[in-house]
Amino acid sequence: MNDVIRPYGDTTGDGMVQVSFTLPIPHDKRAEGAALQLATKMGLIPAMLVHATPMGASHTFFVVYGSATHLVDLDAVQVVDRDYPLLSAKDVNLSIKKSLRRPLVVVGACIGTDAHTVGIDAILNIKGFAGEKGLEYYSEIQVVNLGAQVLVPDLVEKARAAHADAVLVSQVVTQRDAHIHNTTTMSAAFREAYPSGKVPLLVVGGPRFDESATNELGVDRIFGRGTTPSEVASYLVHAMSSRAPQRASKRQPKAKEVKP
Amino acid sequence: MNSPAPPPVLDLDPAVVQRARELTQRLGQPVVDIARSHTTVSVERAMLRLAGLSGADHERVPWVNHLAEAVRADVGLEHGLALPVWDALRRGEASDLLTLAQRSSAGAVTFRLPEKGERTSAARAATAAVRPGMKKMDQQRRARERLIKRHGDPEQRPWIYLIVATGDIYEDMEQSKAAARDGADIIAVIRSTGQSLLDYVPEGATREGFAGTYATQENFRLMRAALDEVSAELGRYIRLTNYASGLCMPEIAALAGMERLDMMLNDSMYGILFRDINPIRTFVDQRFSRQVHARAGIIINTGEDNYLTTADAVQAAHTVTVSQLMNEFFGKEAGLEDWQLGLGHAFEINPEVPESFRLELAHALLARQLFPDAPLKWMPPTKHMTGDIFKGYLLDGFFNLAGAMTGQSILLVGMMTEAVVTPFLSDRGLALSNVRYVLKAAGNFTEDFSPPPNGFIQNRSREVLGEAVDLLDHITSQDAPAGSTPLLEAIAIGTFGHMKRPATAGKGLEGVAIKAEGYCNPAIDLLEADGWGSAP
């Protein structure tokens, strides 16, 4: 039915949006004309320039309203849907007991120079997030939270020492794509350090990731903003159970493996 | 230069305040004793830098690092570098310090520890070599005083502090001048991420950084020159800030003193907790860098905001107070005066918490009243800034208002795009216009604002102070094994910021040595003998 929509200002179908931007020219009549030209090219017709002010001597800041001529085709929208069932803490624990017959080991860290532990703490700490308790609360999940600014080689070493089933990495700082660099460095280091097929589940979270970029980043799953602990726990159980048979059996003799 | 605090409005029990300071001293003094009995590679390298050694080899490894490593390999670090280095120069191993460093990097010099008369001569030569570095810092301090007299301080309080960081020092210079013209009083150049974990100071002007610009002596000089230019243009002395933190804190402090930086971020425990740098290394480096700042007339900025980004800002409010007290103690012990203590705190309470603004006012007033002569640094919301930039702009407005109402001294300008993007030019412009509006509308609010006795704000401030004293009391009464102290034990078990940092671990531990009998470092001797930061 309503498969094609337009932005909503105050009336259905009016298409109204607001944008703000800066142009690198001093504020004068011509600058305002330039702003309107840009808005028109962006598909805002008619465009209304509601505010223009100098930003220093050589830049001008604009606020523009206009009706977007573009239509949104809802059928063509693509998103990463949750492809696993959301479980309660009890069911998560039960499932781990059944499939692994030992606690699931999760190592978490903020890597690189990122000191923002808000994300990883929200998922791991008992205190949790959004009214849900963190993974530490789950009796069948053993959490090793390495905290902030962990170097990638240290993360790999600690993950090996702890026999991690999953590694959770949080990346908040995104300047110059630090989150992308750090994540690809991390996933490459794990692939190098582990035999193929033995790499722990690599899970990365942060507010600015593209959730569909798992292949590019070399990770198993990407979680975006607003992710809750139970979503992560449910995912881990789901992902582990599809890998569990080979892992559980081959793991036993390695229990006493001496760290190189 | 003094920071005029508003009249005290909180009804705090002076006995409780006094007890807080007594406990802080009991906690801090044993750590000072440990700091005094150790040295670090970076303290020793800072001494070489004060003696004029600079530059790096073709692989950009600084000569101070080469020389320090060569001496350490021959005679160890525990005696200090001064005696073996100036003994080698006296023996004719090289004609000057730079040549000595170059030759030693090729393994062409053998160092020894001189004795008796030779020892006295080496020590004398070392002192004479370090003295010009001290003089340079003294001259820069006088130059600052002269320029402030000529151009003047900002007209309003709080001073407006803005961050610039493009990675390219030349771009930074342009942006900083633009920011100053737009109202900024203080420019902070954020460092490239990761510099704090480098065990050397990069060299030269840099145009590539990672989310920031490298702190180098040349970058310091270039930026200070740019701000001097714009200060003259605006008739207002624009201050420059950088970071004396991380593994090279002492060296960066020395470079800052010689290049006339005006403020340095310098927290007594930040490196331990948030960079996992070894606690002993940090306390030793801290003490030296603060002695340098004291001498150079630099205002330090402490990092209490960080406690609130990792913990709940209401529950952890008292840890900010404890940290401020400790920064005050360690700062004064190292010779800093009240006007140099830019103690930090931040507006980080979850806006969903009922009465969050009143709680912020209580916390901000508590800091203001406990440290009436300190130029407090008031830091904006970051943790609860979301992609909702409109709400973020409102929150920043409330932050600015709280700063005006409680008489804060330095106001770090909050960006509505915090946690979204590196601020756009327009974000910065809008943020400054937010500050300007609030200060214009309510800049003198301290005159009218006095919370009623036994009201919400009064009670909350007393509660936080009480919790701070309880925490200090609790830590002080902990047992500590020989060689440790209750504070080090508390840091080890995660008392601060939930970070567990044992004194036997952490980055940079290998660069720490217990001072041997007869340890000699003329930089420390001069810093301590020439009067502790009092104007030369």
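These questions and answers walk through a predicted model with chains A and B.

Biologist: How many helices and strands are there in chain A?
Modeller: Start with the make-up of the chain. Chain A has 260 residues, and buried residues make up 33% of them. Its count is seven helices and ten strands.

Biologist: What radius of gyration does chain A have, against that of a compact globule?
Modeller: The C-alpha trace of chain A spans about 75 × 50 × 35 Å along its principal axes. A compact globule of 260 residues would come out near 18 Å. Chain A has 24 Å.

Biologist: How far apart do the C-alpha centres of domain 1 and domain 2 of chain A lie?
Modeller: The domain assignment puts domain 1 at 4–75 and domain 2 at 89–251 of chain A. Take the C-alpha centre of each. The separation is 41 Å.

Biologist: Does chain B hold a helix we can check by length, and what do the end C-alpha atoms of helix H7 of chain B give?
Modeller: Helix H7 of chain B covers residues 169–181, which is 13 residues. At 1.5 Å a residue, the helix should span 18 Å. The expected span agrees with the distance between its end C-alpha atoms, 18 Å.

Biologist: Which elements do the buried residues of H7(B) pack against?
Modeller: Begin with the residues themselves. Those buried in H7(B) include Ile169(B), Asp172(B), Met173(B) and Gln175(B). Their partners, in chain B, are strand E2 (159–164), strand E3 (186–189), helix H8 (217–234) and helix H16 (425–442).

Biologist: Which residue with positive phi follows H7(B)?
Modeller: Look just past the helix. The phi there is near 120°. The residue is Gly183(B).

Biologist: Which helix gives the most to the largest nonpolar core?
Modeller: That core has 217 residues. Among those touching the most other members are Met47(B), Leu67(B) and Ala256(B). With eight residues, the top contributor is helix H14 (residues 356–370) of chain B.

Biologist: Is Arg45(B) buried or exposed?
Modeller: Arg45(B) sits in helix H2 (residues 41–50) of chain B. Leaving out residues up to four places away in sequence, it touches Val64(B), Asn65(B), Ala68(B) and Glu251(B). A residue counts as buried if 20 or more other C-beta atoms lie within 10 Å. Arg45(B) has 27 of them, so it is buried.

Biologist: Where does Ala296(B) lie, and is it buried or exposed?
Modeller: Ala296(B) lies in helix H11 (residues 279–296) of chain B. Not counting residues up to four places away in sequence, it touches Met137(B), Gln140(B), Arg141(B), Ala256(B) and Gly257(B). With 26 other C-beta atoms within 10 Å, Ala296(B) is buried.

Biologist: What distance separates the C-alpha atoms of Ala296(B) and Pro522(B)?
Modeller: Count along the chain before looking in space. The two residues are 226 residues apart along the chain. Their C-alpha atoms are separated by 17 Å.

Biologist: Which helix gives the most to the side of chain B that touches chain A?
Modeller: Here 19 residues of chain B are in contact with 18 residues of chain A. H7, helix H10 (270–275) and H16 of chain B each supply at least two residues of that side. With three residues, the one that gives the most is H16(B).

Biologist: How many nonpolar, polar and charged residues has the side of chain B that touches chain A?
Modeller: Sort that side by class. The split is eight nonpolar, six polar and five charged residues.

Conventions: Residues are numbered from 1 along each chain as its sequence is written. Chains are lettered from A and ligands numbered from 1 in the order in which they are written. This is a predicted model: local features need pLDDT of at least 70, side-chain atom pairs count only at pLDDT 80 or more; totals for chains, interfaces and linings use all residues. Helices (H or I, at least four residues) and strands (E, at least two) are DSSP runs, numbered from the N terminus. The expected span of a helix is 1.5 Å times one less than its number of residues. A residue is buried if 20 or more other C-beta atoms lie within 10 Å of its own, exposed if 12 or fewer, and partly exposed in between; C-beta atoms are placed from the backbone. Two residues are in contact if their C-beta atoms, placed from the backbone, lie within 7 Å. Domain bounds come from an automatic or database domain assignment. A nonpolar core is a set of buried Ala, Val, Leu, Ile, Met, Phe, Trp, Tyr and Cys residues joined through C-beta atoms within 7 Å. The radius of gyration is taken over C-alpha atoms; the globule rule is 2.2 Å times the number of residues to the power 0.38. Ala, Val, Leu, Ile, Met, Phe, Trp, Tyr, Cys and Pro count as nonpolar, Asp, Glu, Lys and Arg as charged, and the others, Gly among them, as polar.
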